[in-house]
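Visitor: Could you walk me through this one? I'd like to go question by question.

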Amino acid sequence: MSDTILELKEANIFQKENLVLNEVTLEVKKGEFVYLIGKTGSGKSSFMKTLYGDIPLKQGSGSIVDFDLEKLQEKDIPYLRRKLGIVFQDFKLLPDRNINNNLKFVLRATGWKDPIKMNAQIESVLGKVGMKTKGFKFPHELSGGEQQRIAIARALLNDPELIIADEPTGNLDPQTSVEVMKVLQDINQAGRTILMATHDYALILKFPSKTLKCDGGKVFEVVQRAV
C-alpha cells in the first residue's frame with residue numbers, strides 16, 4: 001500500500017455530457033485531512049461521485065485506495081466502497097430500525113457473518129463517535145448532530161482507508177457543526193485520511209487544514225488566511 005491514497009492526473013470530470021472540471025491533478029496522502037470548497041454548482045459533488053464510482057472517469061487517470069478509476073467496472077464498485085467510508089449531508093439512516101440494526105444492516109451487506117464480531121465492531125465505532133449508549137434508539141429519537149455522529153460511525157464500520165464526507169455539517173447548527181468536526185478531527189488524528197466537502201468557511205478557519213477549491217472548472221490548492 002503506497003503512501004498516496006488518492007491521485008488524479010489530468011482528469012476531466014463530466015456530469016452526463018457536460019465537462020464540469022477539467023485537467024484535475026492532485027494527490028492526497030495517507031493521514032491527511034483535506035477540505036474541498038467551492039460554490040454550489042462548482043463541481044464538488046461530481047468530483048466526490050467520481051471518487052466513489054457513481055460517475056465514471058472517462059478522461060485522464062486516477063487511483064483511489066489502490067483502485068484504478070479509469071478501469072473501474074460496475075462489479076468493482078462494491079469492493080471500492082468497502083475501502084471508503086462515505087458520510088452524506090442528510091445522514092441516510094434507515095428510519096424503521098434502531099441504530100444497532102442500522103449498523104448491522106451495513107455489516108451484513110458488506111459480508112460480515114459472525115454476530116459476536118459484528119456486535120463488537122458496532123460497539124467500537126459507536127465508542128469512537130461518543131454514541132456508545134445510543135444503539136437502541138431510533139433515528140427520529142436523535143438530534144441532527146447525533147444522527148450525523150451515527151453516520152460517521154457507519155462510515156468507520158469496514159475500517160476504511162479514506163473517509164469521504166460530503167457537506168457533513170450542511171444540515172447542522174454552528175455549535176453542533178463544531179462538535180461533529182471534533183469527532184472527524186479525532187478520527188483523523190488516529191491516522192485516518194479524510195476528504196471533506198464543505199461550504200462552512202468558519203469551520204475551516206477554526207480547524208485549518210489543506211484546502212482544495214473547485215472554481216472555474218479547475219481544482220487547485222488554496223491557502224486559508226484568518227479573516
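Visitor: Is Asp 96 buried or exposed?
Guide: Buried means under 20% relative accessible area, exposed means over 50%, and partly exposed is in between (1.4 Å probe, protein chains only). Keep in mind that this is a predicted model, where local features need pLDDT of at least 70, side-chain atom pairs count only at pLDDT 80 or more, and totals for chains, interfaces and linings use all residues. Residues are numbered from 1 along each chain as its sequence is written, and side-chain values use heavy atoms, with hydrogens and water left out. Asp 96 has a relative accessible area of 54%, so the residue counts as exposed.

Visitor: Which residue does Asp 96 form a salt bridge with?
Guide: A salt bridge here is a side-chain nitrogen of Lys or Arg within 4 Å of a carboxyl oxygen of Asp or Glu. For Asp 96, the closest N and O atoms of the pair are 3.1 Å apart. The partner is partly exposed, at 26% relative accessible area. That partner is Arg 97.

Visitor: How many salt bridges does the structure hold, then?
Guide: Asp 96 with Arg 97 is one salt bridge, and Lys 210 with Glu 32 is another, at 3.5 Å from N to O. The structure holds 12.

Visitor: How many residues apart in sequence are the parts that Lys 210 and Glu 32 tie together?
Guide: Helices (H or I, at least four residues) and strands (E, at least two) are DSSP runs, numbered from the N terminus. Lys 210 lies in strand β9 (residues 210-215), while Glu 32 lies in the loop between β2 (18-29) and β3 (33-37). Glu 32 is partly exposed, at 23% relative accessibility. The two parts tied together by this pair are 178 residues apart.

Visitor: Which residue forms a salt bridge with Lys 83?
Guide: The closest N and O atoms of that pair are 3.6 Å apart. Lys 83 sits in the loop between α2 (77-82) and β6 (84-87), and its partner is 78 residues apart, in the loop between α5 (144-156) and β7 (162-166). Lys 83 is partly exposed at 24%, and the partner is partly exposed at 23%. The partner is Glu 161.

Visitor: Back to β9: which residue of β10 does Leu 212 stand opposite?
Guide: Strands pair if DSSP finds at least two bridges between them. β9 runs parallel to β3, with 4 bridges, and there Leu 212 stands opposite Leu 36. β9 also runs antiparallel to β10 (residues 218-222), with 5 bridges. In β10, the residue opposite Leu 212 is Glu 221.

Visitor: Which residue takes a positive phi in the hairpin of β9 and β10?
Guide: That hairpin has 2 residues between the strands. The phi in question is near 60°, and the residue is Gly 216.

Visitor: How many of the 8 residues of helix α1 are buried?
Guide: Helix α1 spans residues 44-51 and is largely enclosed by the rest of the structure. Among its buried residues are Phe 47, Met 48 and Leu 51. Gly 53, with a positive phi near 85°, follows the helix. The number buried is 6.

Visitor: What is the radius of gyration of the chain?
Guide: The radius is taken over C-alpha atoms, and the globule rule is 2.2 Å times the number of residues to the power 0.38. With 227 residues, a compact globule would come out near 17 Å, and the chain agrees, at 17 Å.
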